[in-house]
Amino acid sequence: FVEESNRGFLPVECRFAFFAREALEQLSGGQMIQAVKDFRKALPVYPKLSGVIRELLRQLQKRQSIQTAQTENPEFRQLAVQMKAAVNTMLENCQYQEASAIMTQLTRLLPDDLELLKLRQKLFREMSGNEQ
């Protein structure tokens, strides 16, 4: 890779890519604050993408707010457990449309929930198995 001191000689697109790559690495490592700082460093380098970066930062902030609210709210977690149990019961009773509607809503609230992903897979498997 290019030394940080030599990046100034690169075209703006390449310099922007370095900042963006670093920000994405921070993001995937769970370092939200550092990722935001790196994305902000990228803004003046390639202003044409400022709208994209600002929207990305807005989405990250929204996602972080939702995740914080979910992890700090025991009632929300309990409700999510109950809703997933209800979905599982619906799947067992072949109520696929009802289960699908609830899962769609839960997925918006819990986009990274592994258990919910497994339930969605179960739904698709059972629906495709009943079509045959």
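This short presentation describes two buried residues and the nonpolar cores of the structure above.

The model is predicted: local features need pLDDT of at least 70, side-chain atom pairs count only at pLDDT 80 or more, and totals for chains, interfaces and linings use all residues. Residues are numbered from 1 along each chain as its sequence is written, and side-chain values use heavy atoms, with hydrogens and water left out.

I begin with Asp38, which is found in helix 2, residues 32–45; helices here are DSSP runs of H or I, at least four residues, numbered from the N terminus. Asp38 is buried, at a relative accessible area of 4%, where buried means under 20% with a 1.4 Å probe, protein chains only. Which residues does Asp38 contact, leaving aside its neighbours within four places in sequence? They are Phe19, Glu22, Ala23 and Gln26, contact meaning heavy atoms within 4.5 Å.

Leu57 belongs to helix 3, residues 50–72. Leu57 is likewise buried, with a relative accessible area of 12%. Beyond neighbours within four places in sequence, Leu57 is in contact with Val36, Phe39 and Arg40.

I turn now to the cores. A nonpolar core is a set of buried Ala, Val, Leu, Ile, Met, Phe, Trp, Tyr and Cys residues joined through side-chain atoms within 4.5 Å. The largest has 13 residues, of which Val87, Leu91, Ala99, Met103 and Leu106 touch the most other members. Helix 4 (74–92), helix 5 (96–109) and helix 6 (114–131) each supply at least two residues of this core, and the largest share, 5 residues, comes from helix 5. Apart from this core lies another, of 12 residues, among them Phe16, Leu43, Val45 and Tyr46.

Key:
Buried < 20%, exposed > 50% of the residue type's maximum accessible area, 1.4 Å probe, protein only.
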